[in-house]
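Thanks for coming, everyone. Let me put the model up, and then I'll walk you through it.

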Amino acid sequence: MKKIIRFFSIAALALVGAVMTGCSNDDDSIISNQQQLENKSKVVTLTTTVGLDGGATNRALTADGNKTFAAGEKMAVIYNNGSSLVKAESNALTDGNITDAGKKATFTFDLETPNKAVNVTYVYPAAMANADGTINYDALNSQDGTLATIANDLDLATYTAAWDGDNLPTVTLENQLAILAISLKDNASTDLTSSTTALTVKDGTNTYNVNPSTGAGPIYVAIRPTSSANITITATAGKKYGKYLTSKTYAASKGYPVSWEMYKMAASAEAGDLEKLLCTAGHIHADGADGKCTAPRVAKNFYVGSDTCEGTFNHGLALGLTDASTGCAWGPLGIASNPVQYNESSFQPESGLTYNSYTPNHNNDSYPAFKNAIANNGDVAPAECSDWFLPSAYQLQKMITTVGGHANLREKAGLDYTAATGYYWVCTETGFSLALRYYFGDGNFYYVDKNSTRRVRSCCAF
């Protein structure tokens with residue numbers, strides 16, 4: 001929407017001075033009174049008539065598609081006071097200031113020593129201007145999802161222009177934000193909008209957090225314009241859901257009704273999500289053919305439960321889709337990082353992720369198995385999951401048991417099990433020079449020298 005602003009200047013207050021005499025003990029009072037009068041004489045009161053463009057209906061800021069002024073609203077002027085840019089807020093509107101069925105209003109400002117050689121900027125509403133003359137974009141970080149709040153507090157419109165002689169210039173305000181009217185459903189077409197309690201929209205630079213205040217949809221969000229941006233959306237509606245969009249453009253002054261099909265996030269995985277894929281956006285996918293989410297599929301879920309050994313990532317474990325290495329050493333001989341007691345069928349709970357930053361750091365050339373696991377062929381780990389790591393014997397056994405045995409895991413994960421090459425490292429050590437490897441041919445762990453050559457399959461926790 002566009003708002004047309006017309007300004008009419010009022011003459012500055014006359015300079016008032018007086019020569020006063022008296023006792024020496026009144027000198028301070030005399031000086032103070034003179035300074036107050038001098039300061040007051042520098043204040044100019046300007047009354048500004050502002051119009052809203054009745055044709056700007058695509059932003060739908062009210063039920064009938066129009067934005068009107070309301071009592072209590074303020075506008076800001078950013079101007080130079082002779083030394084710096086400062087913000088001046090108008091008086092709050094009263095009903096008597098509003099005319100033309102709410103499409104025009106008169107604001108009154110008091111400006112102190114305005115330097116008319118420096119351009120002036122108008123900011124509406126006043127809450128969107130900072131004291132130093134910058135725009136208060138931080139106000140967009142927390143929204144309630146309603147049109148009323150956007151219309152009253154966030155619907156930013158600005159204009160910068162030179163003074164018109166002694167008067168403020170006549171301008172047409174330009175809207176600076178796009179507004180999304182969002183409806184959500186899951187990939188079974190079940191409505192999520194009315195049950196959404198938290199929504200986050202990210203464009204790679206800006207983040208907008210929304211806590212909807214009502215159960216009715218759509219959810220309205222004011223955002224800064226984007227150009228061919230990748231957009232990430234997460235929503236909490238009982239479970240956590242996500243959406244990933246590529247190359248989206250949302251222009252200033254426009255409204256966009258959007259309906260997004262959301263995918264359940266990895267952290268909300270349930271038993272029925274076993275053996276499903278995870279994409280880099282952290283979504284759960286039944287297969288790799290779903291074209292509605294173009295984020296690359298990088299992992300498959302083989303355990304759902306809290307026993308992951310990975311702290312806050314305590315909802316499940318997934319393996320990368322391909323080997324991170326077809327053959328490399330575990331690490332150097334003669335150094336014990338974290339020996340764990342074990343027998344052939346039982347292992348102590350052990351974190352594989354710990355080794356990523358373990359002392360000594362295992363993400364280096366001295367520990368090839370770990371470095372390859374962490375890099376995982378350059379694939380990005382799923383969002384809101386852990387980094388890639390080399391799983392422990394405990395974690396690998398947890399996945400094997402969950403899917404019904406090593407033969408099932410090797411088939412569903414595409415693991416090698418030939419007699420010559422089907423051996424995989426885990427992070428579990430048995431001493432200074434020995435570590436465990438797993439053979440998917442017979443389903444057994446064995447300890448071997450750390451400088452032996454074995455395969456690596458990356459793991460992540462969620």
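Before the sheet, some vocabulary: two strands pair if DSSP finds at least two bridges between them. Helices (H or I, at least four residues) and strands (E, at least two) are DSSP runs, numbered from the N terminus. Now the small print. This is a predicted model, where local features need pLDDT of at least 70 and side-chain atom pairs count only at pLDDT 80 or more, while totals for chains, interfaces and linings use all residues. Residues are numbered from 1 along each chain as its sequence is written, and side-chain values use heavy atoms, with hydrogens and water left out.

OK, the sheet. It's an open one with 8 strands, and the order is β8-β13-β12-β15-β16-β17-β11-β14, with mixed pairing. At the edges sit β8 and β14 (219–223), each pairing on one side only. β8 runs parallel to β13 (residues 207–210), joined by 2 bridges, and Ser142 is opposite Asn209 in β13. Helix α2 (residues 147–154) packs on this sheet and touches β8, β11 and β14. Contact here means heavy atoms within 4.5 Å. The direction of α2 makes about 25° with that of β14; axes are lines fitted to C-alpha atoms, for helices over the stretch in contact, and angles run from 0 to 180 degrees between N-to-C directions.

So what's inside? A nonpolar core, as I use it, is a set of buried Ala, Val, Leu, Ile, Met, Phe, Trp, Tyr and Cys residues joined through side-chain atoms within 4.5 Å. Buried means under 20% relative accessible area, exposed over 50%, partly exposed in between (1.4 Å probe, protein chains only). The largest core has 39 residues, and among those touching the most other members are Leu184, Trp260 and Met262. β11 gives the largest share of this core, 6 residues. Leaving aside neighbours within four places in sequence, Leu184 has contacts including Leu199, Ala235, Trp260 and Met262. There's also a second, separate core of 25 residues, which includes Phe69 and Tyr122.

On to the aromatics. Rings of Phe, Tyr and Trp (its six-membered ring) pair if their centres lie within 6.5 Å; planes under 30 degrees apart count as stacked, over 60 as edge-to-face and the rest as tilted. The structure holds 13 such pairs. Take Trp330 and Phe370: they're edge-to-face, 4.8 Å centre to centre, with 85° between the planes. Trp330 is in the loop between β22 (325–328) and α3 (368–375), and Phe370 is in helix α3, 40 residues apart. Both Trp330 and Phe370 are buried. They also belong to one aromatic cluster with Tyr355, Tyr358 and Tyr367.

If you like cations over rings, Arg224 lies over the face of Tyr137, 3.5 Å from the ring centre. My cut-off: NZ of Lys or CZ of Arg within 6 Å of the ring centre and within 35 degrees of the ring normal.

Last, some backbone oddities. Most residues other than glycine have a negative phi, and most peptide bonds are trans. Here, a cis peptide bond joins Tyr124 and Pro125, with omega about -5°. Pro125 is in the loop between β7 (120–124) and β8 (142–143). Ser189 has a positive phi of about 65°, and Ser189 is exposed, at 52% relative accessible area. Ser253 has a positive phi too, about 75°, and Ser253 is partly exposed, at 24%.
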